[in-house]
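This report was prepared in reply to a request for a description of a single protein chain. It concerns fold, packing and internal space.

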Amino acid sequence: MVHAARAGFEVGIIGAGDMGMLYARRLSRAGYTINLCDTADRHSELAERVEGTGINALSDGYAVSRRSDYIIYSVPAVVIGRAVEEYGRATKLGAIVGGQTSVKTPEVEAFERHLPADVHIVTCHSMHGPNIDTRGQPLAVIRHRSDDAHYRAAVEVLEALESRMIFLTSEEHDRITADTQAATHLSFLSLGTAWSLQGYHPWLNPQFVSGINNVKVAMALRIYASKWHVYAGLAIMNPLAKKQLACYVDSMATIYKHMIAGRAQEFRDLIHTAADFIFGKDRSHKKILLDDELLDQLSLSRVPKEQSRPNSHLSLLCAAVCWYRMDMSPYDNLICQTPPFRMWLGIVEYLFCNADMLEESIETALNDRYTQAEDLVFYTAVSGWGQCIALGSFEGYRERFEKTAEFLRPKLEEGKDLSTMIIKKLTAGDASQQPSA
């Protein structure tokens with residue numbers, strides 16, 4: 001019988017990046033022996049970082065794999081194949097192996113190809129970033145190849161994170177992450193690139209002063225404060241994401257052509273058809289993310305609210321049209337929601353469930369020449385990111401990402417802190433709505 005008895009059960013983590021360190025610290029505090037490694041050139045630095053914590057800083061993935069009972073590969077999706085090929089042969093007899101990548105299809109393929117037949121495969125994915133408390137956050141758990149005893153041992157280890165476990169297959173995981181994250185990330189990435197291309201920071205632009213614009217700015221900055229490979233792996237390596245991304249790009253082209261060609265009725269019909277499909281004709285019962293007063297308190301803007309300009313919210317209109325064209329209800333995927341998707345759905349819902357705001361958005365898109373010029377740059381940014389991802393160019397993705405991140409650097413940390421504050425308020429709101437035991 002296998003039990004993850006904390007005193008004698010050793011957990012190995014290959015990769016000491018942000019998520020690897022988060023897992024190492026949480027599981028160590030729970031009483032597990034943690035064997036952690038980073039790349040060989042960073043071993044001394046890692047040893048200094050974990051000195052006095054009880055975490056074992058080992059030389060490499062071979063050392064971790066030889067002695068650990070549950071080995072978690074916490075490496076970028078781009079290198080998971082190479083990492084498992086390198087270290088998989090050293091896996092301890094009868095051990096459990098999992099990974100922390102955001103795309104499970106290439107991960108489990110690497111495990112099947114390179115791990116010994118006696119190894120049990122129970123993998124996972126924390127659906128949040130390293131700056132979010134694991135408690136209460138969604139954690140996908142995937143039993144790919146394991147007997148009952150080793151599966152229970154893996155789950156027992158992961159329970160120490162105190163996350164909300166969701167049990168899926170690798171295929172279900174990749175479908176849900178494609179539906180929730182692909183277009184969401186594309187939208188925020190494109191907003192950042194559009195600001196960079198125009199040479200202005202959004203906190204100085206009158207179109208991004210208040211309300212849901214604060215969430216757009218904060219979440220875009222949050223993404224650009226992260227590492228590029230976190231988003232590149234999902235976009236390029238998840239085959240199911242490509243359909244979602246292509247639909248968002250195509251929907252953007254359709255909407256923008258209606259705008260500049262003066263096809264007002266076609267534009268209105270498409271937006272309202274998408275709204276009815278997702279939110280229904282009676283939207284008064286829909287839950288609103290946050291009220292304007294609270295959103296305004298969380299602003300990064302230096303422009304007085306009274307100087308604000310109307311915004312077409314083209315990125316949000318396009319999200320609704322994309323979901324409609326994909327025949328997909330975003331609410332069906334809340335089981336595996338990530339903070340960016342939660343924010344994205346929340347502000348789309350906020351816009352579409354406020355009749356006056358939606359009408360202002362439509363009127364601005366159709367008749368405001370200044371906004372149409374601004375939206376042309378956003379449309380160009382969406383198309384550029386779409387082409388880069390369709391070509392499967394990791395180097396192109398990295399270059400675009402890092403160039404925009406450098407432009408936004410003055411506010412990246414502040415934006416990340418702001419978005420974390422918003423997420424905490426939402427989490428607290430959810431907790432207060434749970435029935436008491």
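The report below treats the overall composition, the sheet, two helices, the empty spaces and two single residues in turn.

**Overall composition**

The model is predicted. Its protein chain has 437 residues, and 58% of them are buried. The secondary structure amounts to 18 helices and eight strands. Of the contacts between residues at least 6 apart in sequence, 78% link residues at least 24 apart. The chain exposes an accessible surface of about 18,000 Å², and carbon and sulfur atoms account for 50% of that area.

**The sheet and helix 7**

Eight strands make up an open sheet with mixed pairing, arranged in the order 3-2-1-4-5-6-7-8. Strand 3 (56–57) and strand 8 (164–168) each have a single partner strand and stand at the edges, so one side of each lacks a neighbour in the sheet. Helix 7 (residues 170–198) packs on this sheet, where it touches strand 6 (120–126), strand 7 and strand 8. The direction of helix 7 makes about 115 degrees with that of strand 8.

Strand 7 (residues 138–145) runs parallel to strand 8, and five bridges join the two. Within this pairing, Pro-138 has Arg-164 of strand 8 as its bridge partner. In general, strands of a sheet pair through backbone hydrogen bonds, in either a parallel or an antiparallel manner.

His-173 is located in helix 7. With a relative accessibility of 1%, His-173 counts as buried because the limit for that class is under 20%. Neighbours within four places in sequence aside, the contacts of His-173 include Ser-102, Val-103, Lys-104, His-125 and Met-127. Ala-140, Ile-142 and Leu-168 are also in contact with His-173.

**Helix 9**

How many of the ten residues of helix 9 are buried? Seven are, and helix 9 (residues 228–237) is thus mostly covered. The buried residues are Trp-228, Tyr-231, Ala-232, Gly-233, Leu-234, Ala-235 and Ile-236. Their cover includes helix 7, helix 8 (212–224), helix 10 (239–260), helix 16 (369–390) and helix 17 (394–408).

**Pocket and cavities**

Helix 9 also takes part in the largest pocket, giving the most to its lining with five residues. The structure further holds four cavities of 30 Å³ or more. The table sets out the largest pocket and the largest cavity.

| Space | Volume | Lining residues | Residues closest to the centre |
|---|---|---|---|
| Largest pocket | about 1,200 Å³ | 48 residues | Asp-18, Met-19, Lys-227, His-229, Val-230 |
| Largest cavity | about 160 Å³ | 16 residues | Leu-191, Phe-208, Glu-374, Asp-375, Phe-378 |

Helix 7, helix 13 (314–325) and helix 16 each contribute at least two residues to the lining of the largest cavity. Helix 7 gives the most to that lining, with four residues. Helix 7 therefore appears in several settings: it packs on the sheet, it is among the elements that cover the buried residues of helix 9, and it lines the largest cavity.

**Arg-342**

Is Arg-342 buried or exposed? Its relative accessible area is 18%, so Arg-342 counts as buried, the limit being under 20%. Arg-342 belongs to helix 14 (residues 339–352). The C-alpha atoms of Arg-342 and Pro-330 are 9.9 Å apart in space, while the two residues are twelve residues apart in sequence.

Note on methods:
Residues are numbered from 1 along each chain as its sequence is written. This is a predicted model: local features need pLDDT of at least 70, side-chain atom pairs count only at pLDDT 80 or more; totals for chains, interfaces and linings use all residues. Side-chain values use heavy atoms; hydrogens and water are left out. Two strands pair if DSSP finds at least two bridges between them. Contact means heavy atoms within 4.5 Å. Axes are lines fitted to C-alpha atoms, for helices over the stretch in contact, and angles run from 0 to 180 degrees between N-to-C directions. Buried means under 20% relative accessible area, exposed over 50%, partly exposed in between (1.4 Å probe, protein chains only). Accessible areas come from the Shrake-Rupley method with a 1.4 Å probe; for residues, only the protein chains shown count as cover. On a 1 Å grid over the protein atoms alone, a cavity is a set of points where a 1.4 Å probe fits but cannot get out, and a pocket is an open set with protein on both sides within 12 Å along at least five of seven lines; lining residues have an atom within 4 Å of a point. Grid points are joined across faces, edges and corners, and a volume is the space filled by probe spheres set on the points.
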